[in-house]
Amino acid sequence: MKNENSSDNSFMKLREEKAGQVSLKLQRNSFKGSDAEEYYGRVGRVVHSNQNVLDRMAEKLPDMTIGKITDVMTAYTSVLLEILKAGGAVRFGSLGTFYIASRGTTESQTGKTELTVRFSCNETLCKAVDAVEIADSQFIESRGIVDTITDLSRNESDGALKAGASVIIEGSGLRIAGEDSGIWCVPMEGTKPKNDESTWTKTDGNFFYNTPKKLLFTMPDSISPGRYCFVLRTRCSGYSKHERKNLIETVSGSFELLA
């Protein structure tokens with residue numbers, strides 16, 4: 001008879017037996033140009049379910065039932081959340097610390113930024129992955145494509161825009177959504193966008209159209225004349241509401257911002 005307290009996790013256990021290897025997806029550093037031989041790496045994930053983790057804990061704690069282990073984990077999670085909600089930090093055993101961090105910027109010396117939660121790993125956790133090897137790597141291109149940029153104040157797609165004007169970007173994989181997403185006006189440095197993000201100007205995030213094929217928004221009116229490009233970052237480039245773990249970044253061709 002099948003044990004009621006055990007989960008059918010034979011597939012997951014098979015994956016665990018092959019632990020020590022990960023796959024790597026490479027994406028070109030678009031700020032170095034379309035032909036640059038420099039790439040970012042993103043590691044693929046094999047996510048273990050809560051049930052799978054509980055099963056493995058039960059193997060290490062034979063005197064405790066899975067139900068009791070679940071109660072302990074639920075209580076621990078509740079206490080961790082209570083401490084974070086109170087503004088504190090939590091040391092997670094010998095692995096590291098959950099803490100509250102600032103995110104984004106503010107335009108005032110007395111302003112307030114947004115807050116988020118981050119995790120700082122300790123040496124024990126860092127050493128645990130020392131033996132992990134990259135089994136394979138694969139190059140992937142950026143998923144967003146910008147075909148045309150139109151200045152509606154002049155009804156022209158001639159590579160020139162006006163500050164404060166309404167702009168339409170058309171292409172594919174363009175929808176802007178998810179954490180840390182948006183559109184930035186990025187000054188050009190020669191033929192390449194500037195890497196220094198402190199020089200970027202973000203649009204206000206209000207879209208008249210926000211679809212995978214069309215974005216309609218207003219250019220910032222305080223931006224100085226010069227040569228720029230758009231950097232689009234999104235976690236939901238299609239119609240689905242599912243947010244990807246990694247941001248999809250698309251860089252447009254350059255345009256001249258008129259006085």
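**Exercise 1. Which residues on the other side of helix 2 are exposed?**

Before we start: this is a predicted model, where local features need pLDDT of at least 70, side-chain atom pairs count only at pLDDT 80 or more, and totals for chains, interfaces and linings use all residues. Residues are numbered from 1 along each chain as its sequence is written, and side-chain values use heavy atoms, leaving out hydrogens and water.

*Solution.*
- Step 1: Find helix 2 at residues 50-60; helices (H or I, at least four residues) and strands (E, at least two) are DSSP runs, numbered from the N terminus.
- Step 2: Pick out the buried residues, N52, L54, D55 and A58. Buried means under 20% relative accessible area, exposed over 50%, and partly exposed in between (1.4 Å probe, protein chains only).
- Step 3: Look down the helix axis: the buried residues fall within an arc of 160°, so they line one face of helix 2. The arc is taken from the directions from the helix axis to the C-beta atoms.
- Step 4: Turn to the other side, where N50 and K60 are exposed.

**Exercise 2. Find the strand that gives the most to the largest nonpolar core.**

*Solution.*
- Step 1: A nonpolar core is a set of buried Ala, Val, Leu, Ile, Met, Phe, Trp, Tyr and Cys residues joined through side-chain atoms within 4.5 Å.
- Step 2: The largest one has 17 residues, and among those touching the most other members are L161, F217 and F230.
- Step 3: Strands 9, 10, 14, 15 and 17 each supply at least two residues of this core.
- Step 4: Strand 15 gives the most, with three residues.
- Step 5: Keep apart a second, separate core of six residues, including W200 and C229.
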